[in-house]
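Hi,

Here is the structure I said I would pass on. Have a look at it first, and my notes follow underneath.

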Number of protein chains: 2
Amino acid sequence: MLIDTILRGEVGPAARLMRDLDDEMPQARETLRQLYPHTGRAHVIGITGSPGAGKSCLTNQMISHFRKRGQTVGVVAIDPSSPFSGGAILGDRVRMQPHTTDAGVFVRSLATRGHMGGLSRSTGDVVDVMDAMGKDVVIVETVGVGQDELEIIRLAHTTIVVQVPGLGDEIQSIKAGILEIASIFVVNKADLPGADMVVRDLTAMLQIRATRARELVPQIVKTEATKGKGLDELMVAIERDRAHLQSGDGWTEKQQQRLELRFLDYLRTQLFEQARARLPSIEKYGEIVTALAAREIDPYTAARRAVAGILGTAKVA
Amino acid sequence: MLIDTILRGEVGPAARLMRDLDDEMPQARETLRQLYPHTGRAHVIGITGSPGAGKSCLTNQMISHFRKRGQTVGVVAIDPSSPFSGGAILGDRVRMQPHTTDAGVFVRSLATRGHMGGLSRSTGDVVDVMDAMGKDVVIVETVGVGQDELEIIRLAHTTIVVQVPGLGDEIQSIKAGILEIASIFVVNKADLPGADMVVRDLTAMLQIRATRARELVPQIVKTEATKGKGLDELMVAIERDRAHLQSGDGWTEKQQQRLELRFLDYLRTQLFEQARARLPSIEKYGEIVTALAAREIDPYTAARRAVAGILGTAKVA
């Protein structure tokens, strides 16, 4: 059975399922539905930061550490410049080679896929499949820029924001939304001048940021990823975050939040697709189109009338 | 009357209306609805290209040329690095000063507004208000990157794609969708080495690209915007595009396309907002949420059931 091969972690069937989900194949959706009761166990870790901050190198080092502990790892790369996505920065691609022959590591790149609008949906699906495959940890690597990437990062239990000294006014450039959900700040390339200033600025910023009740104060870790320095500390911070989440309601809350986000994302898409298909059949649609074309009404008002027609609500002016 | 002051082109009331539209004030929507019959006359010109390609400098020169002909101009700047948005590249801000005291020029920056998802809606509203104000030309300046910006460019009658030599494999970096809707290619900084190669590459590319019936073959114009060189040729190309559009069905088709895009954009948003609000009242919603939380169903299936409940369609499995 297909389900069983994926639950056993076989790469071929899993990769095919991911592709079929992307192609919107109905039977792929049915397979994911059957896999769903087996999901929810993986620790999903988001890692974000500017291109060149060393995210991929850090990810690579984290993979090694997780593997040494006997944990299996899935990686979803969204950053087009990531070596995981075929890009090559600072020779990371060479260093990543060891993992490509390791059956305990499964890497999937979504960097070159369609437009951003669908990325959070695809990412959620890929994370689910890796989760069902039994991966203990799923790392989602993304550049912290757009709104969609913020949505992607919301899929994670633990969010790592990578900063480097010397890239100018670095802390200012993180999206406010990402700052608010960061669990761990990594100051990478900590041997560069200015690293301590970045740590100081982050600390000051965290004092301003309100920490919700029962929430861990975000941790700050200095690393030199290319030399593996600070990785033990980072692994402790990750483990500490996971333990804290699982000791209280945090883990369950994050899972529910993630389910709700994905549910609403699908709702928006499906609703629009179905509504668009039935537009011609709604009462007075011809009148709306004619009035719109004649500029007697504006697109906003036309949309209000169409929505009322689709949802069967009382007529609006 | 507010309507009249805007139709007369008064800046204060127009700027307030734009802000109120952004804030989703119901009376602002009503005002725009009343203005709508007075829109559809402005020539909307989209200008896109990489940061540093000289879009703002070109825009600035175009403004001067339109003003010399007695035409009024509105500018909507989406590019955060644009001097129109408060950024300063190559000292353009200084050169732009003359226009800031010219009542025939109205500049609005949307660069720092909310998330990208809403940008195409806001841009459409701002273009409509400028159109109602009687601006003869509305220039929309944007960097050619994301999907949302592609939507924004679709609002234009005439689309100018700015290229510069020496930025590497430049032509490859334009989004395919933007290439397909370009009316004019500007090769700016034409004094730099490689300019002729860019022209040659564009010419070759345009021979491959299928030109639709009744469509002008996209024009290629070399400029040195900082010195004003090539601007006369660019103005001729813009005028030629406008005349061609208005001589056939092109103008009307573009207007209808733009209306449809905006209508569907509003439809998606309003549908989702209203559907979300009525989720709790749909039959068996409690069951869906419970099954989702228990991972008995996946978010995709849950969304299908909710959509069926909202749209009142036959139950799905």
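Leaving aside its neighbours within four places in sequence, which residues is B:Val140 in contact with? Before the answer, please keep in mind that this is a predicted model. The contacts of B:Val140 are B:Val44, B:Gly46, B:Val76, B:Ile78, B:Thr123, B:Val127, B:Ile152, B:Leu155 and B:Ala156. I picked that residue because of the core, where a nonpolar residue is counted if it is buried and joined to others through C-beta atoms within 7 Å. The largest nonpolar core has 150 residues, and A:Val140 and B:Val140 touch the most other members of it.

Now the two chains. Chain A goes onto chain B with an RMSD of 0.1 Å, using a turn of 179 degrees and a shift of 0.0 Å along the axis. That is how a two-fold axis relates two copies. If you want to find the axis in your viewer, go to A:Leu311: its C-alpha is the one in chain A nearest the axis, at 3.0 Å. Both copies use the same surface, with 100% of the contact residues of chain A recurring in chain B.

On to the interface itself. It puts 41 residues of chain A in contact with 41 residues of chain B. On the chain A side, α3, α11, α12 (285–293) and α13 (299–311) each supply at least two residues. The largest share there is from α11(A), with 12 residues. By type, the chain A side divides into 22 nonpolar, 11 polar and 8 charged residues.

The helix I spent some time on is α13 of chain B, residues 299–311. Its 13 residues reach 18 Å from first C-alpha to last, close to the 18 Å expected at 1.5 Å a residue. Is this helix mostly covered or mostly open? Mostly covered: 11 of the 13 residues of α13(B) are buried, among them B:Tyr300, B:Arg304, B:Arg305 and B:Ile310. The cover comes from both chains, and includes α3 (26–35) and α11 (250–278) of chain A as well as α11 (250–278) and α12 (285–293) of chain B. Right after α13(B) comes B:Gly312, with a positive phi near 70 degrees.

Last, the domains. For chain A the assignment gives domain 1 (1–38), domain 2 (40–250) and domain 3 (265–311). Taken over C-alpha atoms, the centres of domain 1 and domain 3 of chain A are 36 Å apart.

Cheers

Definitions and conventions
Residues numbered from 1 in each chain as written. Chains lettered and ligands numbered in written order. Predicted model: local features only at pLDDT ≥ 70, side-chain atom pairs only at ≥ 80, totals over all residues. Least-squares fit on C-alpha atoms with pLDDT ≥ 70 in both. Contact = placed C-beta atoms within 7 Å. Helix = DSSP H or I, 4+ residues; strand = E, 2+ residues; numbered from the N terminus. Expected span 1.5 Å × (residues − 1). Buried ≥ 20, exposed ≤ 12 C-beta atoms within 10 Å, placed from the backbone. Nonpolar A, V, L, I, M, F, W, Y, C, P; charged D, E, K, R; others polar. Domains from an automatic or database assignment.
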